[in-house]
Amino acid sequence: PSERDALRNRIKSLLKERDAVLVAHYYTDPEIQALAEETGGCVSDSLEMARFGRDHPASQLVVAGVKFMGETAKILSPEKRVMMPTLEATCSLDIGCPADEFAAFCDQHPDRTVVVYANTSAAVKARADWVVTSSIALDVVDYLDSQGEKILWAPDKHLGDYVARETGADVLLWDGACIVHEEFKAQGILDLKKVYPEAAVLVHPESPASVVALADVVGSTTQIINAARDLPNQQVIVATDQGIFYKLQQLVPHKELIIAPTAGNGATCRSCANCPWMAMNGLQNLVTVLEQGGNEIEVDPELGAKAMKPLTRMLDFAA
Ligand code: CIZ
Ligand code: SF4
């Protein structure tokens with residue numbers, strides 16, 4: 001067997017030995033996603049990762065994704081040991097929303113219901129009334145709007161702006177963005193559509209409004225996957241992290257999958273549309289954390305208890 005096969009086998013037996021389960025995001029390396037599937041773990045979006053980790057009987061969770069996903073797992077399962085292949089994997093949305101500045105912003109707008117995206121630190125979640133992921137953001141804000149509530153939204157301005165446009169709710173935006181989705185270019189998609197006029201355009205709402213405007217379907221990763229499966233189009237242009245192609249290729253192997261351009265001239269590149277933090281999860285650091293422990297996620301119990309409330313509200317709402 002090759003060196004990589006040996007590594008994969010080692011990880012599989014270590015997961016068993018340690019009573020650990022691998023919980024991976026759609027944006028991680030295909031090798032990681034495959035291992036999660038082969039070992040009874042989960043490959044999904046952040047909402048399902050949270051639910052799976054909470055409900056799984058294993059005493060240890062290995063979260064392959066970015067830091068907020070590990071923190072969410074720990075908040076929901078304080079009794080479990082939560083580890084990550086690397087603690088360096090963060091997110092531009094999390095970085096762009098420091099807890100102290102965010103609390104001051106909330107204090108300035110006490111009349112608003114605070115809704116934060118899952119891509120935030122435990123401390124930011126602890127200050128929120130609601131946590132949402134992109135798969136239920138529209139439904140939650142629509143519900144709050146129907147209750148006459150005004151919203152303070154953080155951190156992703158593109159997603160928040162999209163939610164405001166779709167629901168008509170009064171939404172005050174924090175100024176944050178995802179460095180991956182923000183790079184998609186409307187002109188590049190228009191150029192591609194000349195080559196593939198029959199292609200469906202599937203867009204994650206962390207993308208700019210000009211890109212969202214060209215979409216046949218706007219949705220979370222899970223919603224994009226479902227649309228690629230259900231639409232009749234044989235060609236699909238996808239504006240989200242290209243890690244999602246692993247799952248798409250499994251589900252629709254006969255369809256042509258095209259990554260949306262991050263340049264205006266229709267040029268596509270292999271390294272773009274790939275989150276640098278998600279890409280930090282590899283077989284090598286996964287085996288190391290299983291062998292040696294460490295890289296454990298710690299959340300202050302008091303903070304965790306506060307953050308658990310809006311997180312539980314989200315999971316109950318989604319159920
Ligand atoms: O961009 C991300 O990090 C996403 C889409 C996370 C998620 O909700 O799965
Ligand atoms: Fe954050 Fe964007 Fe990476 Fe998702 S893809 S973890 S939102 S930087």
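Colleague: Let's start with strand 1 and strand 3: over how many bridges do they pair?

Modeller: Keep in mind that this is a predicted model. Strand 1 covers residues 20-25 and strand 3 covers residues 60-64. They run in the parallel sense, and Val-21 stands opposite Leu-61 of strand 3. The pairing of strand 1 with strand 3 extends over five bridges.

Colleague: Which strands are at the edges of the sheet with the order 2-1-3-4?

Modeller: That sheet is open, has four strands and pairs in parallel fashion. From one strand to the next the twist averages 20 degrees. An edge strand here pairs on one side only, and that picks out strand 2 (42-44) and strand 4 (81-83).

Colleague: And helix 4, at about what angle does it run to strand 3?

Modeller: Helix 4 takes up residues 67-76. It lies across strand 1, strand 3 and strand 4. Relative to strand 3, its direction is at about 160 degrees.

Colleague: There's also a sheet with the order 10-9-11-12. Why is one side of strand 10 and of strand 12 left without a neighbour?

Modeller: This is an open sheet of four strands with parallel pairing. Strand 10 (217-218) and strand 12 (256-259) stand at its edges. One side of each has no neighbour in the sheet because each has a single partner strand.

Colleague: Which residue of strand 11 is the bridge partner of Val-201?

Modeller: Strand 9 (residues 200-203) and strand 11 (residues 235-239) pair in the parallel sense, over four bridges. Helix 12 (residues 221-230) lies across both of them and strand 10, at about 165 degrees to strand 9. In strand 11, the partner of Val-201 is Ile-237.

Colleague: Moving on to helix 1 and helix 14, how many charged residues are in their contact?

Modeller: Helix 1 (residues 3-17) packs on helix 14 (residues 283-292) at about 35 degrees, with the axes 10 Å apart, and the crossing is left-handed. Among the contact residues are Leu-7, Ile-11 and Leu-14 of helix 1 and Leu-286, Val-287 and Leu-290 of helix 14. The contact divides into eight nonpolar residues, no polar ones and, for the charged class, four.

Colleague: Last one: which residues are the closest to ligand 2?

Modeller: The shell around ligand 2 holds 13 residues. By class, ten are nonpolar, two polar and one charged. The closest are Cys-91, Ser-92, Cys-178, Val-180 and Cys-275.

Methods: Residues numbered from 1 in each chain as written. Chains lettered and ligands numbered in written order. Predicted model: local features only at pLDDT ≥ 70, side-chain atom pairs only at ≥ 80, totals over all residues. Pairing = 2+ DSSP bridges. Helix = DSSP H or I, 4+ residues; strand = E, 2+ residues; numbered from the N terminus. Axes fitted to C-alpha atoms, helices over the stretch in contact; angles between N-to-C directions. Contact = placed C-beta atoms within 7 Å. Left-handed = near helix turned anticlockwise from the far one by under 90°. Nonpolar A, V, L, I, M, F, W, Y, C, P; charged D, E, K, R; others polar. Near = placed C-beta within 6 Å.
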